[in-house]
Every structure is written in C-alpha cells, then in structure tokens.
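Work through the following exercises with the sequence and the structure side by side, and try each task before reading its solution.

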Amino acid sequence: MPKLPIITYPNQILEKKSQKIKDVQDPAIQELILNMLDTLEESNGLGLAAPQVGKSLRLCIAKLDGQTHILINPKIISKSWRKFYPEEGCLSFPGKFFITKRHKKIKLTAIDRHGKKISLSADGLLSQAFQHEIDHLDGVLFTQRKSRKK
Ligand code: CO
C-alpha cells in the first residue's frame, strides 16, 4: 500500500469539520484505512486522522504499545474532570512540540473497520492521542489546546 502525503499546516482541510462515514465496507474506505496504517507506520507519529491525508472523513488511527486502534465516527462520551499537561506533536506540524491541556481519562464509542460498534476507555498517553486525533475530525488543531502550565 502506498504511503500517503501528509498535509501540513496551514491548509484549509485541517480546519474543516469532517463528514461521518456511512458505509464502512465501501472499498474506498477500506483502502484508505490500509493506506493510513502504512502511512502512520512509516511516520514517527502516534496517530493519524483522515483530514491529514486529504480526506474530510471521520476516521482516525492511533498506535501505542504495539496496539493499533482504528476509530470510525468516534465520539467521546465522557471526559475526566482531571486534566494533565503533556507535550504533544503533530505530523501536520513537523518539528513543532507544545505543552497541551488534555483530559486524563476519556471514554469513547466508535465503529471498527468491520462496522462493529466498539467502546473504549483510555488513560494518559492513549487518552491524549485519541483526543488529539478526534480533534482533527472537528477541525481543531493542537495549537488550540496549548497550555502554559506544566
Ligand atoms: Co495531529
């Protein structure tokens, strides 16, 4: 599968709200998922969202501790009151790192690559990665989550 070019800031698509995916089994969607997995594999990132490869669709992936999560139409259903302030980067902002403010824990629902509904709980780095990628689907960039606190 080919590695897709990653769109960097500033590009209008990165600030656009993405569209829900209606048919997960659509071969074009399945191909996009495979291409995004390869693209992330070859990049030095934790996650990748479809708008970053030019598709304004609600699809993102995150890879942590050897586990790959594919989230289609993800929705955060609860966020911990407790926040934390991790350092963060983004493949669309090469070489830029900022301290951000994120919820320590979140719960989400999504559809997996087979069209099955899934629920996930995430804490710490995985929670941060999911929040970052889901923000991309809403056109929100990590520069908007910057914090001065440590
Ligand atoms: Co990003």
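The exercises below concern a predicted model, and each is followed by a solution in steps.

**Exercise 1. Aromatic rings**

Task: Find how many aromatic pairs the structure holds, and describe the geometry of the pair formed by F93 and F142.

Solution. The count comes to 3 aromatic pairs for the structure. For F93 and F142, the ring centres are 5.1 Å apart and the planes meet at 65°. Because planes over 60 degrees apart count as edge-to-face, the pair of F93 and F142 is given that name. The next step is to place the two residues along the chain: F93 belongs to the loop between β5 (87-89) and β6 (97-99), while F142 belongs to the segment after α2 (124-137), so that the pair links distant parts of the chain, 49 residues apart. As for accessibility, F93 counts as buried because its relative accessibility is 7%, and F142 is likewise buried because its relative accessible area is 2%.

**Exercise 2. A second partner for the ring of F142**

Task: Work out which kind of aromatic pair F98 and F142 form, and which residues make up the aromatic cluster.

Solution. Here the centres are 5.3 Å apart and the angle between the planes is 55°, which makes the pair a tilted one. This pair, too, links distant parts of the chain, with F98 in strand β6 and F142 in the segment after α2, 44 residues apart. Both of these phenylalanines are buried. Taking the cluster as a whole, its members are Y9, F93, F98 and F142. One further neighbour of the F98 ring is K146, which lies over the face of that ring at 4.0 Å from the ring centre.

**Exercise 3. A glutamate and a histidine**

Task: Decide whether E88 is buried or exposed, and then trace the polar contacts of its side chain, one with Q128 and another with H132.

Solution. Begin with the position of E88, which is found in strand β5. Its relative accessibility is 3%, and because buried means under 20%, E88 counts as buried. The side chain of E88 then makes two polar contacts to be traced: with the side chain of Q128 the distance is 3.1 Å, and with the side chain of H132 it is 2.6 Å. If neighbours within four places in sequence are left aside, the residues in contact with E88 include K96, F97, T100 and R102, and also F98 and F142, both of which belong to the aromatic cluster.

Now turn to H132, whose place is in helix α2. This histidine is buried as well, with a relative accessible area of 6%. Not counting residues up to four places away in sequence, H132 touches E88, G89, C90, R102 and F142.

**Exercise 4. A hairpin of two strands**

Task: Establish in which sense strands β8 and β9 pair and over how many bridges, and name the bridge partner of T109.

Solution. Strand β8 covers residues 105-111 and strand β9 covers residues 117-123, and the two pair in the antiparallel sense over 7 bridges. Within this pairing, T109 has S119 in β9 as its bridge partner. The hairpin has 5 residues between the strands, and in it G115 takes a positive phi near 90°.

**Exercise 5. Cysteines**

Task: Find how many disulfides the structure holds, and state how far the nearest cysteine sulfur is from that of C60.

Solution. The number of disulfides is 0. C60 is in no disulfide, and the nearest cysteine sulfur, which belongs to C90, is 12 Å away. Both cysteines can then be checked for burial: C60 counts as buried at 1% relative accessibility, and C90 is buried with a relative accessible area of 10%.

**Exercise 6. Notable backbone angles**

Task: Identify what kind of peptide bond joins Y9 and P10, and compare the settings of D65 and N73.

Solution. The bond between Y9 and P10 is a cis peptide bond, with omega about 0°, and P10 has its place in the segment before α1 (27-42). D65 is not a glycine, yet its phi is positive, at about 50°; N73, also not a glycine, has a positive phi of about 50°. As to their settings, D65 lies in the loop between β2 (59-64) and β3 (67-79) and counts as exposed at 78% relative accessibility, whereas N73 lies in strand β3 and is buried, with a relative accessible area of 16%.

Technical notes: Residues are numbered from 1 along each chain as its sequence is written. This is a predicted model: local features need pLDDT of at least 70, side-chain atom pairs count only at pLDDT 80 or more; totals for chains, interfaces and linings use all residues. Side-chain values use heavy atoms; hydrogens and water are left out. Rings of Phe, Tyr and Trp (its six-membered ring) pair if their centres lie within 6.5 Å; planes under 30 degrees apart count as stacked, over 60 as edge-to-face and the rest as tilted. Helices (H or I, at least four residues) and strands (E, at least two) are DSSP runs, numbered from the N terminus. Buried means under 20% relative accessible area, exposed over 50%, partly exposed in between (1.4 Å probe, protein chains only). A charge sits over a ring if NZ of Lys or CZ of Arg is within 6 Å of the ring centre and within 35 degrees of the ring normal. A polar contact is a pair of N or O atoms within 3.5 Å; within protein, one must be able to donate a hydrogen and the other to accept it, and residues adjacent in sequence count only if both atoms are side-chain atoms. Contact means heavy atoms within 4.5 Å. Two strands pair if DSSP finds at least two bridges between them. A disulfide is a pair of cysteine sulfur atoms within 2.5 Å.
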